[in-house]
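Here is a short tour of a structure that you can follow on screen. Have the sequence and the model open side by side as you read.

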Amino acid sequence: MPEIFINGQPYEADPDQTVLQVALANGIYVPYFCWHPQLSVAGNCRICMIEEEGRGVDIGCNMPVKAGMRVLTESEEVRSHRKAILQFITLNHPVDCGICDKAGECVLQDYHYEYNGSPSMSGDPKVRSTKFYDLSDRIVLDNERCILCSRCVRFTHEISKSHGLGIEQRADVSLVRPSTDGSFRDDPYSDNVVDICPVGALLSRSFFYKARVWYLTKTPSVCPGCERGCRIDIWHRKPEWQVQSLDTGENTAIARITPHENSEVNGPWICNKGRDLARIFERRRADGAMLKGKPASVAEAATEARRLIKAAARPVALVSSWGSNEELEAFRASLGSMFTALVKPDHLPAAGEVLEDDLLIRPDKNPNTGKARELFGTAPAVIPADADLVLVWGEGCDFSKIPAGARIILLGSWLAPENGHADVFIPVSIQTERSGHYTNCQGVVSGFEACFPRAPGVADAEALFAQLAGAAP
Amino acid sequence: MSRKPYQRRVYWNESTMSWWERFYLLEILRGLSITGGVFLRNMGRWITGRKGALTTYYPEQTRSDYAAHNRGKHILTQRPDGRPQCIACNMCATVCPAQCIEIEAAFDPDDPAHPKHPSRFEIDYSRCVFCGFCVEACPEDAIRMVKEVPDLPSGDRDDMWFRRDDLLGWMPRSDVAKSYPPKPDATGGGRP
């Protein structure tokens, strides 16, 4: 293990590391735009300047470690280089932070205040370029803001392998452009380029002008889109920035979803389906319990359900593969002995959805099938013809397959025509309203936390199971 | 070990009231006679149709001599075509200590010089403290405060939200200095 000296302090380094990696790993911050821990070294932004004593200044991201080397990250020479490079990078940058969605989490903004701080020295007019170029129906590109770090291009070449982006022309008229075969439009990981863009050049259509980022806070969660169970951050309005006069639905709405970086499951990436979870969670909710379609209170519905369960001779339960580990265990503890429990896939792959790939996406589109099968067995979700009571927990049950005479208890979250057909319907909370854990296909357990308060008139499934078993009043 | 006996520190002087003042009741009556006299004098003037107190009967009456730099009601300045100069950057809403400004942004792809604009811009005058930070924070001279303060009070808090079009139109101003450059070449980059 070679030892190197950064700012006079000795640090252990790996022989195949670069000086930038050693510095960052030891808490010495060196600014960088084009370098990304998961991508190849491009070395084009030149901001990560490091001075090697006796040899002069060079970029840290491409400076291999040599035993005994002595480098400085904050010398006068490094500072003046950084300042000059920031002047160069912002030469044609429009500085339209007021209307840029990246403002507030923009590395260029931070570095300007940290390392430059002076206005542009150039007197020439800025080169104007395309604004709001549609890279796909999900991503907008602002070529004026682009600093040509090529992170997005390298992402499509090295991570998603769609080869969907490239840089056209050269010098100050260079443009990031999608390939003509439309492979970027079909790239299921395309939205990651919005996260890795260090400036506001690549912006997500779904978050476009929706909120300033400092109004938002993030809650760690788990993507339920497939059995990979990627860790995500759900961004929503901070309590102190709740709106009163505008659409108050914004206060409990998902503003955007970003990956929650981790080494166990998904690294810094998620697929586009994970970005669109609002489409799943923000469908119209079922807001009240029903008895054969007639509104009732949750307590009345639970009493009726308990009566049906007691009276049933051959009750069958279709267990949700979207239930958290805690809910599944609560179901087994309270109701497991009363029911023949079968694990049901709540969601089947949608038409045109990517079924499986070698990066993240898995064929089972439910987050917790593994844990549910571990607890309730792997029998297929086929309801036996002699069942006289069917408890359906979650979505994805074909009601035409339920035997004609059987009574139905349905625990659902969203509005669906089946809700009114069930003998007892009880609305239950969704993932963004409760905390829990999912066990993914690799056996890794990831936790999610509640983002929003539980909707009124909605029960918590974990507590409801004990109630249905008759333990609580 | 011996301890120093505790002595309460005295921070204030002793009162120097006379016996007459300490008798209290007579001083109370003297005070009441002063305020009562003023009340009766003003009431007498009011009954006979003259103005008594110096106070203004707001909102029926408003002062005509507000200082030019008085921080009164807000206006949103207009672009030459009458649309708001505001770019919905939320600087005013962010700096507002009363958090009484709410802005909903909208995108106009056909207007490259002004792609982001407020579709809603609302100020809650029941919470506004008239500090003027919003005016200072605005990078576009889009929000100003003028000295006049008409039509602020209401019997209902919900009526004290002033909407975008009220703010734009109650005292129209459009002397903005910003130039609106032509649309860039649609094919991509290029020098101007």
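The report below covers confidence, the contact between chains, one helix and one loop residue.

This is a predicted model, and it scores ipTM 0.87 and pTM 0.89. In chain B the mean pLDDT is 87, with 92% of the residues at 70 or more. Please take care with residues 183–192 of chain B, where the pLDDT is below 50, although this stretch has 21 contacts in the model beyond near neighbours in sequence. Where pLDDT is low, the predicted coordinates should not be read in detail.

Next, the contact between the two chains. Chain A brings 21 residues to it and chain B brings 24 residues. The side of chain A that touches chain B breaks down by class as follows.

| Class (chain A side) | Number |
|---|---|
| Nonpolar | 11 residues |
| Polar | seven residues |
| Charged | three residues |

Within chain A, helix α4 (residues 151–158) is worth a visit. Six of its eight residues are buried, leaving the helix mostly covered. Those buried are A:R151, A:C152, A:V153, A:R154, A:F155 and A:T156. They pack against three strands of chain A, β8 (165–168), β9 (175–178) and β10 (202–204), and against helix α5 (192–196).

Finally, look at A:Q38, which sits in the loop between α1 (19–25) and β3 (49–52) of chain A. Is A:Q38 buried or exposed? A:Q38 counts as partly exposed because 15 other C-beta atoms lie within 10 Å. Beyond four places in sequence, A:Q38 is in contact with A:I159, A:G267 and A:P268. A:H347 lies 309 residues from A:Q38 along the chain, and their C-alpha atoms are separated by 32 Å.

Notes:
Residues are numbered from 1 along each chain as its sequence is written. Chains are lettered from A and ligands numbered from 1 in the order in which they are written. This is a predicted model: local features need pLDDT of at least 70, side-chain atom pairs count only at pLDDT 80 or more; totals for chains, interfaces and linings use all residues. Two residues are in contact if their C-beta atoms, placed from the backbone, lie within 7 Å. Ala, Val, Leu, Ile, Met, Phe, Trp, Tyr, Cys and Pro count as nonpolar, Asp, Glu, Lys and Arg as charged, and the others, Gly among them, as polar. A residue is buried if 20 or more other C-beta atoms lie within 10 Å of its own, exposed if 12 or fewer, and partly exposed in between; C-beta atoms are placed from the backbone. Helices (H or I, at least four residues) and strands (E, at least two) are DSSP runs, numbered from the N terminus. pLDDT is the predictor's confidence in each residue, from 0 to 100.
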